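Thanks for coming, everyone. Let me put the structure up, and then we can walk through it.

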Amino acid sequence: MEKWFSDYDFKTFAAAGGSLLVTVFFAFYNGYLGIHYESMWYGTICAYYIILALLRFMVVLAERRLNGRPDVECARARIFAAASVLLLILNISLVIPVSLMATQQKPVHMTLVPAITMAAYTTYKITMASINLKRRERSSNCLTKLLRTVSFVDALVSVLTLQNTLIAVNSADGGTERPMLILSAVTSAVIFLMIMILTIATLIQSIQSIKSDKKHKGEQQ
């Protein structure tokens, strides 16, 4: 317990294990909604979360295997770069669900239960992810910083999911769809832009990390 409060890196990787399970559960929950409501949007979000969970798992597993290696910093830098590229490709794929939300090619009508579930989950996730995104600078481990970035991206995607669910509930209640769809298109574009900026910044950091490691090695030789 003492290590949990004193070692930020340990806390990050330990918490990532729990977040991984929650993300998988949320992925399958979206998959269920996709099947139940015959919604391609929820199906694509399910696939996104599964791949994001796998990326998080690979980073946690890599850190565990790196313990004790003499070239740990160099190995972390390479993993950081590879994972950043994968994260960029994955987040570019968000164009598909975002465009589906904007066009609402097949509107879904659902009750308040999914909306309340996602609202509670999203509120918690975005709060914790925002706090930890700011705190990540206290760590020198690039993989710790990557996990905190992934968590924040995860939280932003949850906002998109909640937004789509609220549109579906509003439609079920006979609300006006056009104004909400316009607002949805604007906010989705803003959230997507935030995700891409954060992802590209992470990729740039990974490249700088590799350059710094190479420079350090050159000075030692």
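**Thr199 and its contacts**

Thr199 is buried, with a relative accessible area of 1%. Bear in mind that this is a predicted model. Thr199 sits in helix α8, which covers residues 177-220.

What does the side chain of Thr199 contact? It makes a polar contact of 2.7 Å with the side chain of Asn91. There is a backbone partner too: a polar atom of the Thr199 side chain lies 2.6 Å from the backbone oxygen of Ile195. Keep the general helix geometry in mind here. An α-helix has 3.6 residues a turn, so residues three or four places apart point the same way.

**Glu63**

Next, Glu63. Its place is in helix α3. Is Glu63 buried or exposed? Buried, because its relative accessible area is 9%, and the cut-off for buried is under 20%. Glu63 also has a partner that is distant in sequence. Asn141 is 78 residues away along the chain, yet the two C-alpha atoms are 9.8 Å apart in space. Hold on to Glu63. We meet this residue again in a pocket.

**Aromatic pairs**

Now the rings. How many aromatic pairs does the structure hold? Five. Take Phe26 and Tyr49. Their ring centres are 5.3 Å apart and their planes stand at 75 degrees, so this pair is edge-to-face. The cut-off for that label is over 60 degrees. Phe26 belongs to helix α2, residues 8-36, and Tyr49 to helix α3, residues 40-66, so the pair ties together parts that are 23 residues apart in sequence. Phe26 and Tyr49 are both buried.

Then Trp41 and Tyr42. Here the centres are 5.2 Å apart and the planes are at 85 degrees, so this pair is edge-to-face as well. Trp41 is buried, and Tyr42 is too.

There is also a cluster. Ring pairs link Phe26, Tyr29, Tyr48, Tyr49 and Tyr121.

**Two helices**

Let me take α2 on its own. It has 29 residues. From its first C-alpha to its last it reaches 41 Å, close to the 42 Å expected at 1.5 Å a residue. What caps its N-terminal end? Asp7 does, with a side-chain oxygen 3.1 Å from the backbone nitrogen of Asp9. After α2 comes Glu38, with a positive phi near 55 degrees.

Now α6. Its 24 residues should span 34 Å at 1.5 Å a residue, and its end C-alpha atoms are 35 Å apart, which agrees. Which residues of α6 are buried? Among them are Pro114, Ala115, Met118, Tyr121, Thr122 and Lys125. Ala129, Asn132 and Leu133 are on that list as well. Tyr121 you have already heard about, as a member of the ring cluster.

**Pockets**

On to empty space. Rolling a probe the size of a water molecule over the atoms shows where empty space is left.

The largest pocket holds about 490 Å³. Its lining has 22 residues, and nearest its centre are Ser19, Tyr124, Met128, Asn132 and Arg148. Three elements give two or more residues to this lining: α2, α6 (112-135) and α7 (142-172). By class, the lining has 10 nonpolar, six polar and six charged residues. Note Asn132, which is also one of the buried residues of α6.

The second largest pocket holds about 370 Å³. Here 16 residues form the lining, with Phe13, Val60, Glu63, Arg64 and Asn67 nearest the centre. So there is Glu63 again, buried at 9%. The elements that give two or more residues are α2 and α3. α2 gives the largest share, six residues. By class, count seven nonpolar, three polar and six charged residues.

**The cavity**

Last stop. How many cavities of 30 Å³ or more does a search of the whole structure find? One. The volume of the largest cavity is about 30 Å³. Its lining is Leu55, Arg56, Val59, Ala83, Leu87, Leu146, Leu147 and Val150. Helices α3, α4 (72-92) and α7 each give two or more of these residues. By class, that makes seven nonpolar, no polar and one charged.

That is the tour. Happy to go back to any of these views.

Methods:
Residues are numbered from 1 along each chain as its sequence is written. This is a predicted model: local features need pLDDT of at least 70, side-chain atom pairs count only at pLDDT 80 or more; totals for chains, interfaces and linings use all residues. Side-chain values use heavy atoms; hydrogens and water are left out. Rings of Phe, Tyr and Trp (its six-membered ring) pair if their centres lie within 6.5 Å; planes under 30 degrees apart count as stacked, over 60 as edge-to-face and the rest as tilted. Helices (H or I, at least four residues) and strands (E, at least two) are DSSP runs, numbered from the N terminus. Buried means under 20% relative accessible area, exposed over 50%, partly exposed in between (1.4 Å probe, protein chains only). On a 1 Å grid over the protein atoms alone, a cavity is a set of points where a 1.4 Å probe fits but cannot get out, and a pocket is an open set with protein on both sides within 12 Å along at least five of seven lines; lining residues have an atom within 4 Å of a point. Grid points are joined across faces, edges and corners, and a volume is the space filled by probe spheres set on the points. Ala, Val, Leu, Ile, Met, Phe, Trp, Tyr, Cys and Pro count as nonpolar, Asp, Glu, Lys and Arg as charged, and the others, Gly among them, as polar. The expected span of a helix is 1.5 Å times one less than its number of residues. A polar contact is a pair of N or O atoms within 3.5 Å; within protein, one must be able to donate a hydrogen and the other to accept it, and residues adjacent in sequence count only if both atoms are side-chain atoms.
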